[in-house]
Every structure is written in C-alpha cells, then in structure tokens.
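Subject: Structure handover

Hello,

Here is the structure I promised to pass on. Please open it alongside this email, then read on for what was found.

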Amino acid sequence: MDTKQKIDEILSETGKAVLGKQEVLSRILTAILAGGHILIDDIPGVGKTTIAVAFTHALGLDYKRMQFTPDVLPSDITGFSMYDKNSGEFRYMPGSAMTNLFLADEINRASPKTQSALLEVMQEGKLSVDGKTYPVPQPFIVMATQNPYGSSGTQELPDSQTDRFMIRIMVGYPSAKDEIAILKHENMVAASEVEAIVSAKELMEMRKEAAAVHVEDSIYGYMVNIANASRTHADVSLGISPRGTMALSSMSKAHALMEGRDYVIPDDVLSVAPYTLTHRLTLTGDARFAGKTPGSVLAFILSSVPRPSLKED
C-alpha cells in the first residue's frame, strides 16, 4: 500500500464514525502528517471527541483524554513523583500527557498555570517533574478543544499558546441529511470500532515523507512574502511570526503528500493558509471596530500577494 492509498484509507475509515466532515478530517490529518497539534474551536456536541477517538484507532495510537476544569493541576498533565517506601526512592507517576494522542477537552476552562504545563510538552516533546525530564511517546499529538470565548467558565487562550497549535479549525453543524443519518445510525460505526490502517511506526515514516517533499525557492519566497504582507498591513498589530511561516511550510508539504505529489505548488500554500495562519494574526482595535476579522484580512493578503510561476522541467 503506497502513502496516498494509506491516506485515502485513513480518511475513509475515520469518515465511518464522523459523517459529512471529510474536509475537517482531511485538515486534521494534514496537520498530523506535518507534525503539528490541532485546536478545534467550536460549541459542545458537534463530534470533537468522536473525531479524536476515530483518528486514534485509525492511526494505531495510544490515547488519553482530560476534561479541563478550573481545578485541574499541572501535575495532572505532567505527572508527579511519589515516595515508594519499599525501595526508599521516589517513583515517577506518569500524567495524562504521557501518550500518543492527548485530547485536551475544553482547554480554555483551565487555569493559565495548567495551560502553561501543556504548552511546555507541546513545544518540547517532554515533561519536566522535580528537575527530571521524561520524553513523551512518539508520535505525540495534542488535539485540544475550546468553547467559544465568553461561554460560562472560559477564559481566552494567550497568543503564545494558540501559536503553538499548527492549525485552528471549526467542525460546524452537520447538514440536515447527515444529521438524519446520525439519528438513524445509518452507515455509521462507533469511533471505538474504527479499524487501524497504519501503526505508530508507519505514521512516523509518513511524517518523514511529508518533511522530504520538495519546495522550490520561489515557493519559499511566496510564503515569506505572505508573512511580510501581514506584518506591514495597516489592520494588523501582530503579524505572522517565523513560527507561523514554518507551520505554513510544513502544512504545504503535508498537503502536497495528501494530494499524491512529492513537490509543493502554490495551490498547496493557498489551501492550508486559512486554517494555518488566521489564528496567528492580531488585528488593531480600529480594524475590529470596523467589523473586520483575521479571516477577512488574511483573505485580502492572500489575494494581493503575487503567486510564483513554477519552472518547467
């Protein structure tokens, strides 16, 4: 089975548990292949947990879920040291993040201190407890959900944390047809019954393939031009950081692999940019007052930056 076939089968298998959301599933798998973390910003009850469980089974990964509340402590994520009276030594007790896929449910209900503990493992790929570090299993993926800001008990995530997520997406309501099928349980399987298409080791190999996808210098220049346009735009107070440009590059490569190519074209960049860059833009107060959104400003930037022409072989 080649890589494109594996990708198609993963999407097909997860789609058995999540009806009518192929575009959402495709975006999430692209981010997973790019080696990033996923932030799902949506209301409760649209299938966020189902999506996470379905991917866990399809990708052959270990999985843990934590419901974030104000009383969740950093040690619940990182783990803690416990004294073992038999050995006379302290023994490390792993936290919830010691897994392949960690579902952080309603992350914006936790305290900033707890959020920062998750931020460290997302960035470093390891946990720090009592001066010792413990690497998390690979691959390590955080799929976090948050309720709309302003909902009961929520607080807005800081820019430094949202920037660590490779993509930020919404699931959205199902169509009327799909919702009827959900109610009738037609053509559906439970997320826990999704079959494994690849193993964790095979997923790591697919990530290596995505990282090796060829990008011409003109495409790299195109990405940098998009970032620079955001930094100088009158409606933007904080533009796309170099981390954001790196995310755009990784996502573009993974998107090319999803399409069965080993090279990036401008359409790959344009396809992934909206959900890779929008959450990395901070608008000025005047722009927000005028009713502009990061999405509308980014759309203008993408339409105004000239697309490169690829060289013919």
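A pocket here is an open set of grid points, where a 1.4 Å probe fits, with protein on both sides within 12 Å along at least five of seven lines. Please keep in mind that this is a predicted model.

**The largest pocket**

How much space lies in the largest pocket? About 560 Å³. Its lining is made up of 29 residues. Closest to the centre are D159, T162, R168, H279 and L281. Three elements give two or more residues each to this lining: α6 (159-162), β9 and α11 (266-277). Helix α6 gives the most, with three residues. By character, the lining divides into ten nonpolar, ten polar and nine charged residues.

**The second largest pocket**

This one has a volume of about 440 Å³. Its lining holds 19 residues. Nearest the centre lie G35, G36, H37, M122 and M166. Here the elements that give two or more residues are α5 (112-124) and α10 (242-258). The largest share comes from α10, which supplies four residues. Seven lining residues are nonpolar, seven are polar and five are charged.

**The sheet**

Now to the strands. Five of them form an open sheet, and the pairing is parallel. Read across, the order is β2-β5-β8-β1-β9. Which strands sit at the edges? They are β2 (63-67) and β9 (167-169), and each pairs on one side only. From one strand to the next, the twist averages 15°.

Take a look at the β9 end of the sheet. Strand β1 (residues 38-41) pairs with β9 in the parallel sense, over three bridges. I40 stands opposite I169 in β9. Strand β9 also turns up in the pocket story, as one of the elements that give two or more residues to the lining of the largest pocket.

**One residue to check: T30**

Find T30 in helix α2 (residues 22-33). Is T30 buried or exposed? Its relative accessibility is 1%, so T30 counts as buried. The cut-off for buried is under 20%. Leaving aside residues up to four places away in sequence, T30 touches M251, A254, H255 and M258.

That is the handover. A good place to start is the largest pocket, with D159 and T162 among the residues closest to its centre.

Best wishes

Definitions and conventions
Residues numbered from 1 in each chain as written. Predicted model: local features only at pLDDT ≥ 70, side-chain atom pairs only at ≥ 80, totals over all residues. Heavy atoms only, no water. Pairing = 2+ DSSP bridges. Axes fitted to C-alpha atoms, helices over the stretch in contact; angles between N-to-C directions. 1 Å grid on protein atoms, 1.4 Å probe; cavity = no way out; pocket = protein on both sides within 12 Å on 5 of 7 lines; lining within 4 Å. Points joined across faces, edges and corners; volume = space filled by probe spheres on them. Nonpolar A, V, L, I, M, F, W, Y, C, P; charged D, E, K, R; others polar. Buried < 20%, exposed > 50% of the residue type's maximum accessible area, 1.4 Å probe, protein only. Contact = heavy atoms within 4.5 Å.
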